[in-house]
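Okay, thanks for squeezing me in. I'd like to walk you through one structure today, mostly its pockets and cavities, so let me put it on the screen.

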Amino acid sequence: SDFEAAYSYFDNGISFLRKKHWEEHYALSLELFDLAAKCALTNGDTVSLQLLYEQVLTYGRTFEDKLNVMYFSTCALAFSSRLPESIEKGLDILSKLGIELRGDESSMEACVQETKSLLSVYTDNDILNTRRMTDPTTIIAMKFLGKMELGMTQIMPKSVARVTQRIIQLSLVHGMSPVSPIGFVHLGSYIAKFGDISGGYHYVKLARSLLDKVGSRESAGEVICIGTQVVAYVEPLQAALEYHDDGYAAAMAYGDVIQAAVNSILNCTMSSIAGVNLQTTQEKCTKAIKFMEDKKLVIFMTQLQYIQHSVFKLIGTDEEPKYVSEGQNILATNNSVKTTYYFQKTYISFIFRSYEGTKENIGEYVACIGNTWANLFFHHSFHAFYIGLISFWLARKSRDGNQWIERGKLSKLALKRWAESSSWTFENKWYLLEAEESFCNNNYDAAKTYYDKA
């Protein structure tokens with residue numbers, strides 16, 4: 001790849017440096033090590049990255065001079081099974097830069113509302129025409145904040161909105177940076193998850209417009225990725241699939257392998273939901289998993305393998321994904337991965353009508369769903385639909401039927417709400433859950449009417 005070739009050039013440049021290069025050619029040395037570290041990160045070469053990181057930590061003259069390699073090291077931890085350590089390290093660095101994110105106990109809803117209030121005095125044109133950020137320290141702080149979004153939304157979803165708020169606050173005060181669109185697209189995603197799809201869609205479109213105003217498209221992969229998941233609640237699902245191909249290409253153009261991976265995993269997930277041929281979906285999963293394995297992106301590889309396992313089952317093969325040893329540790333520490341794991345087990349148990357397996361796994365799924373992804377993703381609608389179907393099915397087969405009917409109703413109401421933003425995608429699913437509820441209540445005439453509508 002281009003980044004592998006670039007790494008070899010920077011590595012050669014470092015090898016030509018004289019013995020006392022940190023003393024005699026400090027600026028050149030720092031730049032070569034920073035650029036080599038960036039390429040090592042993109043290439044998944046964590047050993048070389050660690051060596052470069054240690055050199056800069058040892059010989060860097062100021063804290064600010066060490067920030068770039070500290071950023072790359074933090075990213076590498078986030079790629080692996082050490083996401084909690086990555087977040088703690090990022091929080092420590094931000095604290096030293098005067099940005100304190102610990103200790104705030106306000107709810108996510110309150111934080112999102114505060115951010116909306118902050119933005120209420122600005123028009124879209126005001127935001128789009130805000131000056132560019134120029135302070136180097138604030139620019140690197142923004143990069144740390146931007147990278148915290150994806151990690152914290154997985155394992156600290158109740159705190160991540162504060163990160164989004166700080167990105168937007170700093171952008172309004174100090175000017176827009178390449179990270180600023182990330183703040184706006186995540187805000188749109190949170191607003192949409194709280195039920196205001198049109199409001200969230202507005203901020204997604206604003207974030208896309210900002211990409212062309214900040215002087216760099218280095219955050220385009222993430223903006224397209226997170227934004228597409230909201231867009232899919234408004235526009236036809238099949239059309240939205242293509243956006244993730246664009247997101248992957250945009251991320252790779254800037255060496256952002258983690259966003260390339262997230263675009264890939266969401267593309268695979270949405271393909272399975274959209275009814276893409278199972279063999280085609282399986283081939284997509286295999287290609288994406290190979291990419292993640294090469295780049296040492298263990299968390300996302302593990303998550304996609306659980307989806308791949310379901311695809312294998314649906315195809316009718318006994319083939320199994322090649323799980324990595326870190327998978328169990330990730331499953332124990334990452335609630336978002338755990339949610340995917342238990343949903344896939346619930347889904348396959350239901351498809352093959354295993355009552356005991358379905359009931360056991362849906363219980364585990366329900367236990368962890370409340371503390372998972374802060375963002376709205378399209379698979380939330382897929383989960384809601386099948387949890388609704390499963391709940392009404394369990395209600396007809398178990399003694400605690402009322403409990404399951406109430407859970408099914410929650411899914412039905414969610415699909416009804418989403419149908420208001422995209423009847424094409426959600427209305428038939430809402431009608432099917434209405435029919436299932438009517439059937440459970442022995443209202444067969446209403447059930448028939450809704451089945452026909454579905």
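I'll start with the chain as a whole, then go to the open pockets, and finish with the enclosed cavities.

One thing up front: this is a predicted model. So what is it built from? Helices: the chain comes to 24 of them, and 0 strands. The radius of gyration is 23 Å, and the globule rule gives 22 Å for 454 residues, so the chain is as compact as a globular protein of that length. If you'd rather think in boxes, the C-alpha atoms fill one of roughly 85 × 55 × 40 Å along the principal axes.

What about burial? Of the 454 residues, 56% are buried. The accessible surface comes to about 19900 Å², and carbon and sulfur atoms account for 50% of that. Then the contacts: take the ones between residues at least 6 apart in sequence, and 68% of them join residues at least 24 apart.

Right, pockets. The largest pocket has a volume of about 780 Å³. It has 25 lining residues, and the ones closest to the centre are Lys193, Tyr365, Ile369, Gly370 and His380. Which helices should you look at here? Helix H20, residues 355-368, helix H21, 378-397, and helix H22, 401-419, each put at least two residues into that lining. H22 gives the most, with 6 residues. By class, the lining splits into 14 nonpolar, 7 polar and 4 charged residues.

The second largest pocket comes in at about 560 Å³. Its lining has 34 residues, and closest to the centre you'll find Thr269, Ser272, Ile273, Ala274 and Phe382. Several helices each give at least two residues to this lining, including H14 (237-253), H15 (257-274), H17 (298-315) and H19 (335-351). H21 is also one of them, and you'll remember H21 from the largest pocket. The lining here divides into 21 nonpolar, 12 polar and 1 charged.

Now for the enclosed spaces. How many cavities of 30 Å³ or more turn up in the whole structure? The search finds 3. I'll show you two.

The largest cavity holds about 80 Å³ of space. Three helices each supply at least two of its lining residues: H5 (63-79), H6 (83-96) and H9 (136-155). If you want side chains to click on, the lining includes Tyr71, Thr74, Cys75, Ile87, Phe144 and Met148. By class it's 7 nonpolar, 3 polar and 1 charged, and Lys147 is in that lining too.

The second largest cavity is about 50 Å³. Here H9 provides the largest share of the lining, 4 residues. The residues around this cavity are Ala78, Leu83, Lys147, Leu150, Gly151, Gln154, Ile258 and Phe300. That works out as 5 nonpolar, 2 polar and 1 charged.

Some of those names should sound familiar. Ala78, Leu83, Lys147 and Gly151 line the largest cavity, and they line the second largest cavity as well. So if you're turning the model around on your own laptop, Lys147 is a handy place to park the view: it's in the lining of both cavities.

That's my tour, from the whole chain down to the cavities. Happy to take questions.

Note on methods
Residues numbered from 1 in each chain as written. Predicted model: local features only at pLDDT ≥ 70, side-chain atom pairs only at ≥ 80, totals over all residues. Heavy atoms only, no water. 1 Å grid on protein atoms, 1.4 Å probe; cavity = no way out; pocket = protein on both sides within 12 Å on 5 of 7 lines; lining within 4 Å. Points joined across faces, edges and corners; volume = space filled by probe spheres on them. Nonpolar A, V, L, I, M, F, W, Y, C, P; charged D, E, K, R; others polar. Rg over C-alpha atoms; globule rule 2.2 N^0.38 Å. Buried < 20%, exposed > 50% of the residue type's maximum accessible area, 1.4 Å probe, protein only. Contact = heavy atoms within 4.5 Å. Areas by Shrake-Rupley, 256 points an atom, 1.4 Å probe, with all protein chains shown as cover.
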